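Biologist: Please take one chain of this model and go through it closely, from its make-up to the way its helices pack. After that, please follow the contacts outward to the rest of the assembly.

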Amino acid sequence: MMQQLAPVLVLGAVVIGFAVLMLSLTFMAGPKRNPTPEKQMPYECGVQGIDMRTTKFPVKFYLTAILFILFDIEVIFLYPWAIVYVDFLKRGPFIFIEMAFFMVFLTFGLFYVWKGHALDWD
Amino acid sequence: MGNGLLEFAINALKIIIVFVTIVSVVPLLVWVERRGSAFMQNRLGPNRVGPLGLLQLLADAIKFIFKEEFIPDHADKVLYFMAPGLTLLPAALTFAAVPFSTPVTIGGHTINMQIADINVGIIYIFAVASLAVYGVLTAGWSSGNKYSLLGALRACSQMISYEIAMGLSLIGVLIMYQTFSLNEMITAQLGSFNFHWRGLQYAVKYLPAWGIFYQPLSFILFVTCGFAETNRMPFDLPEGEAELVGGYHTEYGGFKFNMFFMGEYGHMITSSALITTLFFGGYALPGISPEQVAAFWLDHGAGLAQTLHLSVTDTSSLMTTLTHLLVFCLKTGFWLFFYVWVRWTLPRFRYDQLMDLGWKTLLPWSIANLAISATVIFFAHLK
Amino acid sequence: MALTSEDILFHAFAAVATISAILVVFLSNPIYSALFLALTMSVLSIFYFMLNAPFVAVAQLTVYAGAVMVLFIMVVMLFDLKREHEDVLKISPVMIAKIIGAALLCGFLVGVSWLGMSANQNNPSTVVAPQTMAKDLDKTKPVVAMADKPENPDEDLTAAEQNNLVDVKGAPETAKKDVPTKETRLSPDEFGSTASLSKKLFSKYVFAFEAVSLLLLVAIVGAVALAKSRGGTHHVAR
């Protein structure tokens with residue numbers, strides 16, 4: 001397994017090295033840092049920023065993330081099923097039935113989320 | 001990575017060459033985008049710098065290096081510098097599992113035209129692609145700008161919503177190929193379209209056994225999700241200039257800004273490469289297997305072998321690899337052009353339309369595709 | 001014992017994982033903590049890869065590093081949590097007591113596992129060779145599962161025991177259910193492959209598999225219910 005992993009790690013090292021190289025090149029080649037108040041302000045189309053750090057956060061981001069986790073786990077279970085499906089069909093319909101149950105439960109979950117207005121206005 | 005030092009060095013060199021190629025293809029892609037969009041909009045694109053404006057992007061890249069480094073007031077300095085690198089890393093790592101040609105054998109050494117032949121290839125690609133949200137989130141947060149943060153959160157929500165549909169649309173394809181490894185998928189797409197129905201084998205001779213003929217709905221879903229994952233039009237609201245200025249990369253300038261786009265185009269390249277590998281036979285020619293190409297070059301490669309001072313088998317292997325590399329580049333290049341084409345044709349989706357499409361249209365259709373595929377194959381294997 | 005490159009890589013990544021896990025706890029900026037936790041999860045997936053479990057590695061990367069940690073980071077950003085105002089690591093009697101307690105617990109766990117493993121090695125008869133017939137099982141000795149499954153399962157048996165390998169039909173009813181028979185024993189190539197994982201998951205552990213789907217359904221319903229109670233879902237009567 002290391003034979004498959006090692007090139008990926010080398011590639012990761014190459015990418016990180018490239019990023020560091022480019023940033024240091026910019027650091028050396030660019031003009032001296034000259035921070036003026038106008039440059040340092042957060043960009044808001046040119047007008048003065050109103051500091052609204054205490055905005056109420058929208059819960060829908062949190063809901064989307066949680067539903068993503070759950071459906072992602074479902075997809076992870078589907079991956080090993082897909083590659084042995086045709087092979088297992090030789091032994092009978094059991095593999096089809098058990099995945100049918102799995103998908104029915106999760107499709108019901110999707111249906112519930114849809115009708116429960118958890119996917120609205122996002 | 002090979003047993004001896006020589007093999008290790010060859011493989012390391014291969015990795016560096018592939019990475020440098022990707023980094024160089026990105027400016028070429030941007031040139032295609034700018035000229036292509038110009039022609040679609042009935043104007044000229046960049047045509048001053050270099051022939052046909054090809055060196056425009058080189059000039060831009062050099063300009064980026066010489067820009068001043070500024071750090072906004074409320075920025076988190078460490079994360080601000082790390083975010084572009086964090087975007088580039090998954091984009092490059094996903095390309096590791098993609099095979100772009102047949103292995104070449106020169107002088108007894110076999111070099112795989114693939115950075116890493118991972119046996120769980122396609123799900124490795126999806127796993128690393130799902131790490132792309134970190135770059136976006138870190139960039140948005142570390143800018144110290146609440147609009148950047150909002151843009152980053154919206155981009156993140158968009159990307160994760162479409163990842164589910166993308167994974168599910170792939171299940172139909174996986175049922176057909178029964179493997180995760182991309183090399184085996186390409187091998188499975190050789191020959192002509194054939195299927196098994198109730199004990200009998202049927203074949204359609206003039207159609208190649210490409211994935212798109214087995215799973216057309218899966219193809220449509222996958223391409224749509226690919227657009228959304230790479231934040232390309234019509235899904236590029238998080239970067240849309242009318243809405244949030246630059247979204248999560250508003251506060252970035254200079255080469256860091258360039259690295260975000262390298263990450264985005266890198267994802268585009270991997271996405272196009274995946275489309276060709278999964279649905280269009282990868283590096284293989286339709287109807288002609290790599291062995292036949294190798295045999296062709298064995299027969300006709302004697303003259304070339306003499307000029308290159310290599311043995312005939314080595315030359316045949318080299319030319320087979322180059323042929324397949326050309327095929328791969330043409331196919332992937334077409335899909336990259338398709339990305340550009342769609343960007344400048346369709347208007348942008350509104351954010352709620354975008355999320356509705358992901359959860360309420362693509363996800364149910366993916367599940368339907370999976371159900372239909374599984375049922376059809378179940379009946380096909382009944383005796 | 002020669003230090004292979006795999007050993008060096010393992011120790012390097014182990015150091016990275018340990019240090020980032022410690023930093024998760026000791027950094028005062030919540031975003032940094034969350035990002036280091038994501039790094040720990042990613043390095044764990046590399047370990048799974050090294051242990052010949054590629055599917056688990058990919059699942060770890062997709063679910064943990066790609067979904068759960070994204071949720072954590074999004075929540076931290078949305079809440080706009082401020083840095084902790086006091087030092088997390090300040091030397092006080094309470095902190096010293098906590099560190100000593102943690103060290104004692106670690107020492108206890110390490111000691112127990114070391115004792116367990118050395119008992120295995122010193123007294124091999126407590127390890128039941130799976131091919132032993134039921135009537136030979138000594139009911140008074142504890143049945144301990146083999147710690148390391150060798151690549152060739154027949155290697156560690158003596159010649160006499162190898163001759164006693166039983167087929168499925170010959171095994172008595174009271175033999176251990178998990179006896180690896182000649183049919184189900186894996187070849188070294190298949191060890192850790194996703195196909196062999198699927199073979200077990202969808203035949204022997206199918207109940208757990210279906211239970212997982214119900215568990216996910218419960219989690220979905222719970223998430224929606226929680227969000228609704230806080231007024232999250234914008235339900236407008238149409």
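Modeller: Helices and strands are taken here as DSSP runs, a helix having at least four residues and a strand at least two, and they are numbered from the N terminus. On that basis chain C of this predicted model has seven helices and zero strands, and its elements, read from the N terminus on, run α-α-α-α-α-α-α. Of the 238 residues in chain C, 18% are buried. Among the contacts in chain C with a separation of 6 or more, 52% join residues that are 24 or more positions apart.

The domain assignment divides chain C into domain 1 (1-90), domain 2 (126-176) and domain 3 (186-231). Between domain 1 and domain 3 of chain C the contact involves four residues from each, and the side of domain 1 that touches domain 3 consists of three nonpolar residues, one polar residue and no charged residues.

A helix pair in chain C can be followed residue by residue. Helix α2 (residues 30-50) of chain C packs against helix α3 (residues 54-79) of chain C at an angle of about 175°, and their axes are 8 Å apart. Because angles over 145 degrees count as roughly antiparallel, α2(C) and α3(C) are roughly antiparallel to each other. On the α2(C) side the contact is made by Pro30(C), Ile31(C), Ala34(C), Leu37(C), Ala38(C), Met41(C), Ser42(C), Leu44(C), Ser45(C), Tyr48(C) and Phe49(C). The α3(C) side contributes Pro54(C), Val56(C), Ala57(C), Gln60(C), Leu61(C), Tyr64(C), Ala65(C), Met69(C), Phe72(C), Ile73(C) and Val76(C). By class, the residues of this contact between α2(C) and α3(C) are 19 nonpolar and three polar, with no charged residue.

Moving outward, chain C meets chain A through a contact that takes 45 residues from chain C and 41 residues from chain A. On the side of chain A that touches chain C, the elements giving two or more residues are α1 (2-29), α3 (59-88) and α4 (94-115) of chain A, and the largest share, 21 residues, comes from α3(A). That side of chain A divides by class into 32 nonpolar, three polar and six charged residues.

Chain A also meets chain B, in a contact that takes 56 residues from chain A and 63 residues from chain B. Here the elements of chain A that give two or more residues are α1, α2 (37-40), α3 and α4, and α1(A) gives the most, with 18 residues. The side of chain A that touches chain B has 41 nonpolar, nine polar and six charged residues.

The largest nonpolar core has 170 residues, of which Leu11(A), Ala152(B) and Cys156(B) touch the most other members, while α3(A) gives the most to this core, with 20 residues. If residues up to four places away in sequence are not counted, Ala152(B) touches Val136(B), Leu137(B), Ala139(B), Gly140(B), Trp141(B) and Tyr248(B).

Chain B itself is assigned domain 1 (1-66) and domain 2 (72-380), and the C-alpha centres of these two domains of chain B lie 18 Å apart. Their contact takes 21 residues from domain 1 of chain B and 16 residues from domain 2 of chain B. On the side of domain 1 that touches domain 2, the elements of chain B giving two or more residues are α1 (5-40) and α2 (56-65), with α1(B) providing the largest share, 17 residues. The residues on that side of domain 1 of chain B are 15 nonpolar, three polar and three charged.

Chain B also contains a helix pair to set beside the one in chain C. Helix α3 (residues 77-94) of chain B and helix α4 (residues 121-129) of chain B pack at an angle of about 175°, with axes 9 Å apart, and that makes α3(B) roughly antiparallel to α4(B). In this pair Pro90(B), Leu93(B) and Thr94(B) of α3(B) meet Ile125(B), Val128(B) and Ala129(B) of α4(B), so that, by class, the contact of α3(B) with α4(B) has five nonpolar residues, one polar residue and no charged residues.

Key. Residues numbered from 1 in each chain as written. Chains lettered and ligands numbered in written order. Predicted model: local features only at pLDDT ≥ 70, side-chain atom pairs only at ≥ 80, totals over all residues. Contact = placed C-beta atoms within 7 Å. Buried ≥ 20, exposed ≤ 12 C-beta atoms within 10 Å, placed from the backbone. Core = buried A, V, L, I, M, F, W, Y, C linked by C-beta atoms within 7 Å. Domains from an automatic or database assignment. Axes fitted to C-alpha atoms, helices over the stretch in contact; angles between N-to-C directions. Parallel < 35°, antiparallel > 145°, perpendicular 65-115°, else oblique.
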